[in-house]
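Colleague: I am new to this structure and would like a close look at a single part of it, taken slowly. Please begin with the charged side chains and then go on to what lies around them.

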Amino acid sequence: PSRILPPLLLLLLALGPAAPCSPQPNATRFVCTEPTLSTFPTGLPPTTLAVSVEFTALAVLLPTALAGLPQLQELHLSSNRLATLPETLLHPVPTLRVLDLTDNLLADLPTGIFTGTGHLQHLVLRGNRLRALQPAWFRHLPQLQWLDLAANALEEVPPEVFHPLHSLRSLDLSHNRLTSLAPGALAGLRALERLDLEGNQLGTLPPTAFAPAPALRLLFLQDNELQELPAGIFVPLRHLRVLDLSHNRLRALELPPRSPGPALDLDISGNPWACECPLLALLRRAAPQLTATRDTLCASPAHRRGQEVAAVSRAGDTGC
């Protein structure tokens, strides 16, 4: 009797070791983070709604990789080794809502990659090697709300490249190689609420840079090389609630019009401020909520060098 194996163990022995990341019948979600995986899993049930194949050795996707998944809504392919994508990859999944390609090796995308994905809402291309934006990518994405292009090698934003994205709420262009923003770069983004340009090499901005995006609530411009802001650049932004201008080379400040509701959350630390009447009077009038005040210091005039801007602005003896 001691030699009789339990029926379940016998069954397991007969089946042999389970293959890594084997699909389960009738499942709606498939997850695989097997580091040695080099080919996209096959045999996923047609009931699949979400696929996550991440942190693997996957370097190639066949054009038919997603065939037979007509209900797929989410595709997560982050942290793989994908350098190219087939142009027809997404054609079998017209109901796709979320596509995450974070941290791959993509230097370009096929022109028509998103032609059949009109329901896409979230597109994440962060941490790739994209050097240029193609207008054709964005022509068929009327429902896109979230676009993340951070940490690529983009050197410019072509005028009107995002024009078809009427539903876009959040655009992340941080940590690229942008040296300027063309007039019209944000054309069409009437619904945009969050724009992140942190960590580029922006030296100048056109006076009308943000006019096409009047719904902006959060604007991040920190860690650039801005030396001055055009007069009135933030005037169209009547809904702005957070503005980060820290760690640039600014001596003078521009702010959006003061509006009802909470004070503007403003970070202007790490700039060489000229603590003279234009700056001090503007801060008193706009009354923003300054953050990082200890690092927000006067660089001139000489008798105020090293003093906190907030303290000088509050003082009643500035002569302004």
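How many salt bridges does the structure hold?

Modeller: The model is a predicted one, and the structure holds three salt bridges. I will start with R126, which forms a salt bridge with D148, where the closest N and O atoms are 2.9 Å apart. This pair links distant parts of the chain, since R126 sits in the loop between β5 (122–124) and β6 (146–148) while D148 belongs to strand β6, 22 residues apart. The side chain of R126 also meets that of D172 in a salt bridge, again at 2.9 Å from N to O. D172 lies in strand β7 (residues 170–172) and R126 in the loop between β5 and β6, so this pair ties together parts that are 46 residues apart in sequence.

As for their surroundings, R126 is partly exposed, with a relative accessible area of 30%, whereas D148 counts as buried at 7% relative accessibility. D172 counts as buried too, at 6% relative accessibility, because buried means under 20% relative accessible area. Salt bridges that share partners join R126, D148 and D172 into one network.

A further salt bridge brings together the side chains of R194 and D196, with 3.7 Å from N to O. Of these two residues, R194 is partly exposed, with a relative accessible area of 24%, and D196 is buried, with a relative accessible area of 7%.

The strands named so far belong to a wider arrangement, and it helps to place them in it. An open sheet of 12 strands, with parallel pairing, runs in the order β1-β2-β3-β4-β5-β6-β7-β8-β9-β10-β11-β13. At its edges stand β1 (29–32) and β13 (289–290), each with a single partner strand, so one side of each is left without a neighbour in the sheet. Further inside that order, strand β9 (residues 218–220) and strand β10 (residues 242–244) run parallel and are joined by three bridges, and F220 stands opposite D244 in β10.

The aromatic side chains complete the picture, and a search of the whole structure finds three aromatic pairs. In one of them, the rings of W137 and F138 have their centres 6.0 Å apart and their planes at 75 degrees, so the pair is edge-to-face; the reasoning rests on a cut-off, because planes over 60 degrees apart count as edge-to-face. Both residues lie out of reach of the surface by the accessibility criterion, in that W137 counts as buried at 1% relative accessibility and F138 is buried with a relative accessible area of 0%.

Another aromatic pair, formed by F210 and F234, is stacked, with 5.9 Å from centre to centre and 15 degrees between the planes. F210 lies in the loop between β8 (194–196) and β9, and F234 in the loop between β9 and β10, so the pair ties together parts that are 24 residues apart in sequence. F210 counts as buried at 0% relative accessibility, and F234 is likewise buried, with a relative accessible area of 0%. Finally, W137 and F138 appear once more, since together with F162 they form one aromatic cluster.

Definitions and conventions: Residues are numbered from 1 along each chain as its sequence is written. This is a predicted model: local features need pLDDT of at least 70, side-chain atom pairs count only at pLDDT 80 or more; totals for chains, interfaces and linings use all residues. Side-chain values use heavy atoms; hydrogens and water are left out. Two strands pair if DSSP finds at least two bridges between them. Helices (H or I, at least four residues) and strands (E, at least two) are DSSP runs, numbered from the N terminus. A salt bridge is a side-chain nitrogen of Lys or Arg within 4 Å of a carboxyl oxygen of Asp or Glu. Buried means under 20% relative accessible area, exposed over 50%, partly exposed in between (1.4 Å probe, protein chains only). Rings of Phe, Tyr and Trp (its six-membered ring) pair if their centres lie within 6.5 Å; planes under 30 degrees apart count as stacked, over 60 as edge-to-face and the rest as tilted.
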